[in-house]
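Colleague: I would like a close look at a single part of this model, with the cut-offs spelled out as you go.

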Amino acid sequence: VHTDPEIAKKILQSIIMHSDIVINEFAKENAQVALRFIEEQKKEDKINFNKSIKKLIAYQNKHHTIDPNMDVQRKNTILANLEAELIKLEVEYSSKSKSYNLNGSEMKILKETIKNIKKSIKRVKSQMVGNGDLNANVFNFELLRNDMEFSKEIYKQVLVNQEELKLEVSQNAKHLIVVSKPTLPDNYSYPNKPWDIFTLFVILVFLYSILVTIIAIIQDHKD
């Protein structure tokens with residue numbers, strides 16, 4: 001506090017201004033720490049996402065497939081078509097065998113075709129369930145694809161969090177709330193030293209009288 005009202009007002013204004021600066025700097029430092037952390041997290045998640053993509057592509061190249069599930073579906077379609085064709089040819093052979101010579105060229109070709117279709121059906125079924133490789137490929141592929149999708153979602157989320165944090169930092173700048181703005185004092189008076197000394201003297205005399213009275217009472221009781 002200064003005796004000059006103008007100087008006192010300027011001192012208070014300076015205190016408020018510097019307090020506002022300190023609070024803003026503190027908030028800014030905290031925000032920078034948070035942004036640096038989420039930036040590092042973003043880099044790490046991006047690396048993991050890229051690794052998962054490379055693993056999936058390497059698996060596809062190794063097994064010469066885009067998606068083993070598509071291979072299973074393709075084989076199921078082939079098998080269904082072969083079985084449908086087999087039924088059709090067997091019905092045709094059974095029907096013609098009643099009127100055609102079984103040793104004729106047409107019947108021999110028909111019989112050989114049926115035989116080849118049966119072999120193809122057996123081969124496709126063995127590929128699907130025989131050694132289990134296809135099922136293993138599907139399982140391993142799904143693991144890699146799910147890992148890639150999971151890494152992608154984490155990376156997307158950290159990007160969203162980063163943008164939200166940037167927006168929050170820009171919107172939530174801290175400022176000191178001034179309840180009452182600095183104004184000039186109405187008046188200022190120096191301490192009234194004579195009056196203060198007189199008051200102190202009266203209090204000491206009063207305390208001394210009480211002490212003397214207490215001592216006198218104690219002496220009376222001793223007697």
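How many residues does helix α2 have, and how far does helix α2 reach from its first C-alpha to its last?

Modeller: Some conventions come before the helix: this is a predicted model, in which local features need pLDDT of at least 70 and side-chain atom pairs count only at pLDDT 80 or more, whereas totals for chains, interfaces and linings use all residues. Residues are numbered from 1 along each chain as its sequence is written, and side-chain values use heavy atoms, with hydrogens and water left out.

Helix α2 covers residues 68–96, has 29 residues and reaches 42 Å from its first C-alpha to its last, close to the 42 Å expected at 1.5 Å a residue; the expected span is 1.5 Å times one less than the number of residues. Helices here are DSSP runs (H or I, at least four residues; strands are E, at least two), numbered from the N terminus, and the protein chain as a whole comes to 5 helices and 0 strands.

At the start of α2, a side-chain oxygen of D67 comes to within 2.9 Å of the backbone nitrogen of N69. D67 also belongs to a different kind of grouping, since salt bridges that share partners join D67, E142 and R145 into one network, a salt bridge being a side-chain nitrogen of Lys or Arg within 4 Å of a carboxyl oxygen of Asp or Glu.

Along α2, the buried residues are P68, D71, K75, L79, L82, L86, L89, Y93 and K96, where buried means under 20% relative accessible area, exposed over 50%, and partly exposed in between (1.4 Å probe, protein chains only). In the protein chain, buried residues make up 19% of the 223 residues.

K96 forms a salt bridge with E106, the closest N and O atoms being 2.7 Å apart. This pair links distant parts of the chain, with E106 in helix α3 (residues 105–130) and K96 in helix α2, 10 residues apart. K96 counts as buried because its relative accessible area is 18%, whereas E106, at 37% relative accessibility, counts as partly exposed.

For comparison, E39 and K42 form a salt bridge with their closest N and O atoms 3.5 Å apart, and both lie in helix α1 (residues 5–63), 3 residues apart, about one turn of the helix. A search of the whole structure finds 9 salt bridges.

Methods. Polar contact = N/O pair within 3.5 Å; in protein donor to acceptor, adjacent residues only side chain to side chain.
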